[in-house]
Amino acid sequence: MADKFQDIYYFLYYTDHYIHKGDNLQYNIFAYLKTSLRHIIVDKQLDQEERRLLKELSKDLNTLNASINSGYVAYDEVNEHLHKFRYKWDDESLFPSYKPTHLSDDEVMVLYDKAMDLYSIFDVGYLPVDVDQQFQVKDQTYYKVNQVFSSYDELVEALNGTYKNKVVDSLLKRNIYINVNGDLYGRVGDRGTNIYMGEETYEVIRESDHKIVIRVTVEKLNDDNQVIDYVTYDYILRFYSNGKWLFEEFYMFK
């Protein structure tokens, strides 16, 4: 069952990926998905809610497929539809019986640190670049990234392996990093951090087998670097049907 679920998830992901690159979408790729859905829907291991949601997904895809075949749907509309399907697919309620991998508290914090580092290249600093390799987009200059990631797709893969797709979409829409013939180019400029935020303490809260909350309590400082208050932030780490633990939302507090 899990292999069938993953097949459909990756179909949605890669179709979305190819549309994002501007490649032509062939209608016959829907035949595979429709066949897979039909076989899964009749599987006796599914409960009523799982079967209902899969039927809904199948109906939506039939509508989209017909629109594409008629030639009246622009690629950005197709992309929007596919994002909707992926959000629906990523909902924990879709396959609640999908067994998550167990994470120790240390492993949870490793994922948190990785997510914070990755988010920081969009919100605080930027990746190292080669200033001699430039690409101009209107009045904005981008420079080729020469460390950490070797291509644009590698950055996107890292994002998809860390955050839920709505977070990935919001980061990529900032256009801090762009795809130039497969290479990764980025803008430069540091925001800096909040000097009024001090030391952090962490608590790992296991709300369910599929959901972990990382509660971060941070000192709030005054101009004399004295603690005057504490601020708490929750980061939700959830296990999804693609077999990954992903952060539902993310942000920087410093």
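## Helix α6 against helix α7

Contact here means heavy atoms within 4.5 Å. In this predicted model, four residues of α6 meet three of α7 on that basis. The α6 side supplies Y152, V156, L159 and N160. The α7 side supplies V168, L171 and L172. Six of the contact residues are nonpolar and one is polar. None is charged.

Two packed helices are described by the angle between their axes and the distance between the axes. Helix α6 covers residues 152-160, and helix α7 covers residues 165-172. Their axes lie 9 Å apart, at an angle of about 140°. Angles over 145 degrees would count as roughly antiparallel. The two helices are therefore oblique to each other.

## Aromatic pairs around Y251

The model holds 14 aromatic pairs. One of them joins Y233 and Y251. Their ring centres are 5.9 Å apart, with 55° between the planes, and the pair is tilted. Y233 sits in strand β7 (residues 227-239), while Y251 sits in the segment after β8 (245-247). The pair therefore ties together parts that are 18 residues apart in sequence. Y233 has a relative accessible area of 18%, so this residue is buried. Y251, at 27%, is partly exposed.

Y251 also pairs with Y235. Here the centres are 4.7 Å apart and the planes stand at 25°, so the pair is stacked. Planes under 30 degrees apart count as stacked. Y235 belongs to strand β7 and Y251 to the segment after β8, so this pair bridges parts that are 16 residues apart in sequence. Y235 is buried, at 0% relative accessibility.

## The ring cluster

Which residues do ring pairs link into a cluster? The tyrosines are Y112, Y119, Y163, Y202, Y233, Y235 and Y251. The phenylalanines are F247, F250 and F253. Both partners of the tilted pair, Y233 and Y251, are thus members. Y235, buried at 0%, belongs to the cluster as well.

## The β3-β4 hairpin

Strand β3 (residues 177-180) and strand β4 (residues 183-186) run antiparallel. How many bridges join them? There are four. In one of the pairings, N179 has L184 in β4 as its bridge partner.

Two residues lie between the strands of this hairpin. In the hairpin, N181 takes a positive phi near 55°.

Key. Residues are numbered from 1 along each chain as its sequence is written. This is a predicted model: local features need pLDDT of at least 70, side-chain atom pairs count only at pLDDT 80 or more; totals for chains, interfaces and linings use all residues. Side-chain values use heavy atoms; hydrogens and water are left out. Axes are lines fitted to C-alpha atoms, for helices over the stretch in contact, and angles run from 0 to 180 degrees between N-to-C directions. Angles under 35 degrees count as roughly parallel, over 145 as roughly antiparallel, 65 to 115 as roughly perpendicular and the rest as oblique. Ala, Val, Leu, Ile, Met, Phe, Trp, Tyr, Cys and Pro count as nonpolar, Asp, Glu, Lys and Arg as charged, and the others, Gly among them, as polar. Rings of Phe, Tyr and Trp (its six-membered ring) pair if their centres lie within 6.5 Å; planes under 30 degrees apart count as stacked, over 60 as edge-to-face and the rest as tilted. Buried means under 20% relative accessible area, exposed over 50%, partly exposed in between (1.4 Å probe, protein chains only). Two strands pair if DSSP finds at least two bridges between them.
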